[in-house]
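Here are some short exercises to work through with the model open in your viewer. Try each task before you read its solution.

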Amino acid sequence: MNITFCATHINPKVWLAELRLALPEHHIALWNEQDPGSNPAAEAAIVWAPPQAFFDQQPQLQVGFNLGAGVDALLQKTLPVNMAVIRLDDAGMSVQMAEYVTQAVVRYFREFAELERDMRDGEWSFRRPRERSEFTVGVMGLGVLGLRVARALQHFEYPVAGWSRSAKSLDGITTFAGDKQLPDFMAACSAVVCLLPLTPDTRHILRRDTLMHLPVGAYLINVARGEHLVHADLLAMLDSGHVAGATLDVFSTEPLPSEHPFRSHTKIICTPHASARTLRSESVAQIVGKFKQWVAGTPATHLSGYVDAVRGY
Ligand code: NAP
Ligand code: GLV
């Protein structure tokens with residue numbers, strides 16, 4: 001079978017080498033945009049944010065494996081009519097995400113930045129410990145990553161709340177679902193973590209009128225997509241003190257421009273989309289496993305990570 005590979009911002013050489021080693025009986029080619037006629041007609045694609053031309057030139061594609069958990073960039077394209085999209089589910093990302101979010105929550109809750117600053121300033125300060133039982137961390141999105149994050153936070157005995165599209169019953173987590181319950185969910189959170197997929201329903205969900213439901217002094221962590229957040233609304237709410245601070249890993253423009261106000265804001269910690277990296281070996285193993293199932297006759301709709309294009313995730 002022919003497989004075509006196209007991934008922006010990723011060095012294709014090492015990926016192709018691992019994929020070819022794992023699938024020696026299949027032909028895996030790097031897509032050649034300049035010479036479309038040289039690309040063998042492929043049944044399957046392995047992609048990360050490919051240009052529209054990639055799909056325009058290959059209308060015969062039947063399945064596309066996304067080299068990431070989020071498929072927003074892919075679903076913004078006009079895809080081949082019969083192509084099913086399969087995303088990475090976990091592939092080593094959930095533990096990284098749990099680590100990242102936990103450190104952000106702990107750093108804020110325990111006021112480590114202030115303690116470190118005081119030490120640099122020559123002080124030996126005392127800060128009254130915050131009441132853990134009154135510090136609920138809310139997780140927006142209780143999927144593969146959100147649930148892993150919620151469970152990690154529970155280990156540190158934070159009360160945890162979660163918000164999802166469909167109602168859920170989860171041990172030890174106070175759950176909320178749907179737009180109607182969003183205000184009550186927000187009102188319960190001392191810190192809120194966004195781990196939603198970016199869809200038409202969730203774009204700009206972190207805007208003034210939703211963030212206003214947070215208690216005054218709440219902390220925001222966005223590790224999903226930059227377009228979940230309205231930048232100007234966050235800046236205004238940091239100025240007013242309604243939001244105490246934010247840790248942001250994702251931005252509506254990436255790389256975040258060097259002059260962007262988030263970079264130098266004293267209440268914002270920024271990282272360069274690094275909270276949960278795509279790990280090559282784990283991802284190759286997962287894609288190869290799913291590809292083999294598909295070749296053996298499992299319908300793409302039955303593969304884990306199958307994306308419902310209408311739902312958007
Ligand atoms: P997932 O397993 O598909 O989970 C998505 C969760 O969001 C589900 O719980 C879903 O609810 C909920 N949801 C979707 N639309 C909703 C809506 N309109 N209202 C309320 N809840 C909604 O996704 P995942 O694997 O956890 O990944 C989540 C996102 O993380 C990705 O889409 C990607 O954008 C981001 N991400 C970021 C990084 C990074 O490095 N920063 C790395 C990987 C992923 P139901 O359970 O009811 O379906
Ligand atoms: C990274 O952001 C991903 O969606 O995997």
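## Exercise 1: A serine and its surroundings

The backbone oxygen of Glu-134 sits 3.3 Å from a polar side-chain atom of Ser-190. Keep in mind that this is a predicted model.

Task: Find where Ser-190 lies, decide whether Ser-190 is buried or exposed, and list what Ser-190 touches beyond its sequence neighbours.

Solution:
- Step 1. Start with the chain: Ser-190 belongs to the loop that links α7 (182-187) and β9 (191-194).
- Step 2. Check the accessibility: the relative accessible area of Ser-190 is 16%. Buried means under 20%, so Ser-190 counts as buried.
- Step 3. Collect the contacts, leaving out residues up to four places away in sequence: Ser-190 touches Glu-134, Phe-135, Thr-136, Ala-218 and Tyr-219. Glu-134 is thus both in this set and the residue whose backbone oxygen lies 3.3 Å from the serine side chain.

## Exercise 2: Reading the sheet

Task: Work out the strand order of the open sheet, name its edge strands, and say which helices lie against the sheet.

Solution:
- Step 1. Trace the strands: seven of them form the open sheet, in the order β8-β7-β6-β9-β10-β11-β12, with parallel pairing.
- Step 2. Look for strands that pair on one side only: these edge strands are β8 (173-177) and β12 (268-270). From one strand to the next, the twist averages 15°.
- Step 3. Zoom in on one pair: β7 (residues 160-164) runs parallel to β8 and is joined to it by five bridges. In one of these, Val-160 has Ile-173 of β8 as its bridge partner.
- Step 4. Add the helix α4 (residues 93-109): this helix packs on the sheet and touches β6 (137-140), β9, β10 (218-222), β11 (243-248) and β12. The direction of α4 makes about 160° with that of β10.
- Step 5. Add α9 (residues 231-240): this helix lies across β10, β11 and β12, at about 140° to β11.

## Exercise 3: Following the charges

Task: How many salt bridges does the structure hold, and which parts of the chain do the pairs of Arg-225 with Asp-72 and of Arg-203 with Glu-227 tie together?

Solution:
- Step 1. Count: the structure holds nine salt bridges.
- Step 2. Take Arg-225 and Asp-72, whose closest N and O atoms are 2.9 Å apart. Arg-225 is in the loop between β10 and α9, while Asp-72 is in helix α3 (residues 72-75), so this pair ties together parts 153 residues apart in sequence.
- Step 3. Check their accessibility: Arg-225 is buried at 18%, and Asp-72 is buried at 12%.
- Step 4. Turn to Arg-203 and Glu-227, with closest N and O atoms 2.8 Å apart. Arg-203 is in the loop between β9 and α8 (208-211) and Glu-227 in the loop between β10 and α9, so the pair ties together parts 24 residues apart in sequence.
- Step 5. Check these too: Arg-203 is partly exposed at 31%, and Glu-227 is partly exposed at 27%.
- Step 6. Look at Asp-209 and Arg-207, a salt bridge with its closest N and O atoms 2.7 Å apart. Asp-209 is partly exposed at 43%, and Arg-207 is partly exposed at 31%.
- Step 7. Finish with a network: salt bridges link Glu-111, Arg-117, Asp-118 and Arg-127.

How values were computed:
Residues numbered from 1 in each chain as written. Chains lettered and ligands numbered in written order. Predicted model: local features only at pLDDT ≥ 70, side-chain atom pairs only at ≥ 80, totals over all residues. Heavy atoms only, no water. Helix = DSSP H or I, 4+ residues; strand = E, 2+ residues; numbered from the N terminus. Buried < 20%, exposed > 50% of the residue type's maximum accessible area, 1.4 Å probe, protein only. Polar contact = N/O pair within 3.5 Å; in protein donor to acceptor, adjacent residues only side chain to side chain. Contact = heavy atoms within 4.5 Å. Pairing = 2+ DSSP bridges. Axes fitted to C-alpha atoms, helices over the stretch in contact; angles between N-to-C directions. Salt bridge = Lys/Arg side-chain N within 4 Å of Asp/Glu carboxyl O.
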